[in-house]
Amino acid sequence: MVKEKNILIKGGRVIDPEKRKESVVDIFIKDGIVEKIDKNIGTAGGGTEVIDAAGLVVSPGFVDMHVHLRDPGFEDEETVESGALAAVKGGITTVACMPNTNPPIDSEHAVKYIMEKSHDVACRVLPVAAMTKGQKGRSITEMGLLSQAGAVGFSDDGKCVADARLMYEVMRYSIQFGLPLILHEEDLRMSECGLVHEGKYSTILGLEGISRLSDDLMIARDIMLAQRSEAKIHITHLSTAGGVEMIGKAKKKGIDITCDVTPHHLFFDDSVLTTFNTNFKVKPPIRSSEDREALVEGVKSGVIDAVASDHAPHLDTEKNTTFKEAEFGTIGLETLFSASFTKLCLKENMSLPELIALITCGPAKILNIDAGKIEKGKTANITIIDNEAEKSIKREDFISKSKNSAFIGQMLSGKIVYTISKGKLAYINR
Amino acid sequence: MLSKKSLLDIESLDLEDIKLILSNTDSFLEISKREVKKVPTLRGKTVFNLFFEVSTRTKTSFEIAAKRLSADIINFSAAASSIRKGESVVDTLKTILSMKVDIIIIRHSDSGTARMIDGFVNVPVINAGDGKHQHPTQALLDLYTIKKRFGDFKGLKVAIVGDFIDSRVARSDISLFEKMGMDITIVSPTMFLPEDFSELKVRYQIDDVIEDCDILYMLRMQFERQDRKFYPSIMEYNRFLGLDMERLKRMKQGSIVMHPGPVNRGIEISDEVMDVGGKLAERVVIEEQVTYGVAVRMAILYLILG
């Protein structure tokens with residue numbers, strides 16, 4: 001076994017997202033394990049890589065709970081390896097990958113495939129398995145076998161189980177295994193043929209609309225089902241003001257519900273569609289400014305528990321086409337932090353620990369995984385950020401196999417300078 | 001010269017552009033009335049008619065316009081089924097560009113395609129209809145037709161009747177008519193209206209506007225563009241939104257009936273109205289629209305290429 005160099009991080013603002021606090025301390029990492037967190041740790045002899053973090057932010061490695069790695073089946077768009085590299089470039093050390101691959105992650109074998117691949121890649125990759133076989137919404141997957149094999153949650157992401165009875169049984173059955181159901185809420189008849197948010201801009205541009213009702217009907221249904229079944233549900237990529245309101249009320253009632261939002265739904269509103277840029281074609285659609293404001297308020301008030309990228313890689317040929325023909329999705333691993341930081345901290349005055357909680361302990365708690373904190377005796381997963389650096393995002397910047405980023409052309413602040421993942425220095429950009 | 005290189009939508013035209021197009025149309029209309037209907041204005045220029053969607057009048061209208069200006073025109077038609085993927089649109093374009101054309105006239109069934117193509121090429125692009133988005137030359141010929149009848153635009157009451165949500169003509173007309181200070185009412189049943197139409201003046205039945213409007217603009221019922229069919233029946237449409245003789249007679253003195261064509265006889269306009277003779281026939285200006293269409297397109301080609 002090759003011994004890793006020991007690492008000493010000196011003088012950084014170390015964030016404790018759980019406590020929403022920060023303090024200037026040093027961190028010493030020995031053989032990949034956090035050995036010491038203290039003030040003024042000396043360099044213990046040679047062979048130690050010293051990172052001068054004065055003026056930099058030291059955070060637990062980020063957790064992105066909604067990522068499409070396209071592996072197996074669409075390896076020309078992304079793989080577990082390439083996705084993990086893009087993740088650590090974005091300061092992410094844990095990703096949960098969605099099951100809409102080919103074949104889908106709906107079998108013990110498929111879960112094991114991801115688990116095995118994840119050993120040798122730059123960050124932790126945790127599979128989310130399908131709720132229904134083939135994600136077809138007709139019969140329940142072997143949720144017991146899948147959870148034993150290592151699944152951290154269940155989802156039919158990209159699809160939505162239309163059959164309420166089946167959804168109810170999925171919820172009831174999931175309780176046995178204690179794993180969250182990650183729900184993509186979309187009434188498929190309501191959203192049929194839709195391309196963008198139904199509103200002023202869909203009308204002006206002649207693009208078929210997707211009503212807020214498409215999301216809200218399913219959120220309402222699933223809150224009712226969760227209340228009755230007492231399952232743990234998580235609404236992913238929330239896009240509507242109505243969703244924020246309903247989930248806020250459900251939480252007050254004591255229903256076991258959490259939710260996340262993407263940086264692109266926080267950053268943009270549907271006025272960006274006037275250029276017909278297909279990188280803004282996403283699902284759920286980028287909605288109106290009122291919805292966006294409600295999402296920001298939801299983050300501030302704590303109704304929204306996490307920010308997740310919904311990293312959705314697509315080939316140029318799938319995006320370089322007419323708006324109608326283009327696929328839905330934007331990549332997001334590499335801009336998860338900078339986009340969220342620029343919007344929530346710089347424009348909306350949230351504190352850095354509050355933001356970091358949304359991409360560390362927030363999602364870790366939802367998935368019930370050991371991640372999102374810096375702890376003595378644990379494998380080092382640490383991200384070091386220069387929060388003053390600012391740059392205009394270019395297509396060439398991305399290392400993901402796909403380049404379909406909605407953030408191309410935007411000025412974003414916050415640069416990841418080091419990512420220590422699985423105890424090793426996995427990314428350096430100083 | 002127009003303020004922009006390409007004509008993609010009405011929004012990007014300023015008032016000067018619009019005035020210029022209207023005044024130039026007058027002279028090109030005169031050419032169309034001559035014995036020899038041809039001027040050498042665009043000799044040596046190559047116009048590419050790129051139609052990814054079936055069209056007879058718009059394509060023919062551009063073709064005649066280009067020929068009367070002595071340009072060479074090449075027609076490229078592709079049935080929607082044979083070129084489905086947009087990537088093929090891009091490939092087709094590359095081929096065309098290597099043949100050194102001077103302008104591309106594009107029609108496509110997907111909204112935003114004209115703009116997409118404009119981003120790929122450095123020659124001017126004219127949008128001849130993109131999905132449900134825009135059809136600017138139709139709106140300009142409609143405006144010219146109105147000018148010929150009314151002289152001025154301010155305060156004219158226009159009722160646009162029919163399938164609003166699926167209509168690129170309605171979008172371009174509304175945008176242009178608003179710029180000219182006209183007073184617009186949409187007459188459309190709920191299934192052809194967006195979820196939130198609070199920014200539009202809306203009526204549900206043709207009888208609400210028939211006696212009061214100066215211009216009754218009948219939209220084509222576009223079954224081919226409707227993703228799902230929600231309207232109950234043609235009989236219901238006739239009753240609440242169709243133009244028949246009885247309604248034509250009730251229209252006020254000097255008012256006109258327009259339609260972008262082709263008319264669905266017996267749906268939005270009855271046979272009787274289409275074939276009406278005598279004094280009432282003066283109200284129906286659908287054929288004038290087609291005639292002026294050629295002159296308007298000559299003016300646009302001239303202003304972009306000349």
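Here is a short chat about reading the domains, contacts and overall fold of this predicted model.

Reader: Let's start with chain A. Which domains is chain A divided into?

Author: Domain 1 is written in pieces, 6-58 + 378-391 + 411-428, while domain 2 is 61-367. The C-alpha centres of these two domains of chain A lie 29 Å apart.

Reader: How many residues does each domain of chain A bring to the contact?

Author: For reading this, two residues are in contact if their C-beta atoms lie within 7 Å. Counted that way, domain 1 of chain A puts in 21 residues and domain 2 of chain A puts in 24. On the domain 1 side, strands S2 (21-30), S16 (382-392), S17 (411-421) and S18 (424-428) of chain A each supply at least two residues. S17(A) gives the most, with six residues. By type, that side of domain 1 of chain A has nine nonpolar, seven polar and five charged residues.

Reader: And what about chain A against chain B?

Author: In general, the size of an interface is often given as the accessible area lost when the parts come together. Here we have residue counts: 20 residues of chain A are in contact with 22 of chain B. Helix H5 (residues 200-205) of chain A provides the largest share of the chain A side, three residues. That side divides into five nonpolar, ten polar and five charged residues.

Reader: What radius of gyration does chain B have, and what would a compact globule have?

Author: A compact globule of 306 residues would come out near 19 Å, and chain B has 19 Å, so the two agree. The C-alpha trace of chain B spans about 55 × 45 × 35 Å along its principal axes. Chain B contains ten helices and nine strands, and buried residues make up 42% of its 306 residues.

Conventions
Residues numbered from 1 in each chain as written. Chains lettered and ligands numbered in written order. Predicted model: local features only at pLDDT ≥ 70, side-chain atom pairs only at ≥ 80, totals over all residues. Domains from an automatic or database assignment. Helix = DSSP H or I, 4+ residues; strand = E, 2+ residues; numbered from the N terminus. Nonpolar A, V, L, I, M, F, W, Y, C, P; charged D, E, K, R; others polar. Rg over C-alpha atoms; globule rule 2.2 N^0.38 Å. Buried ≥ 20, exposed ≤ 12 C-beta atoms within 10 Å, placed from the backbone.
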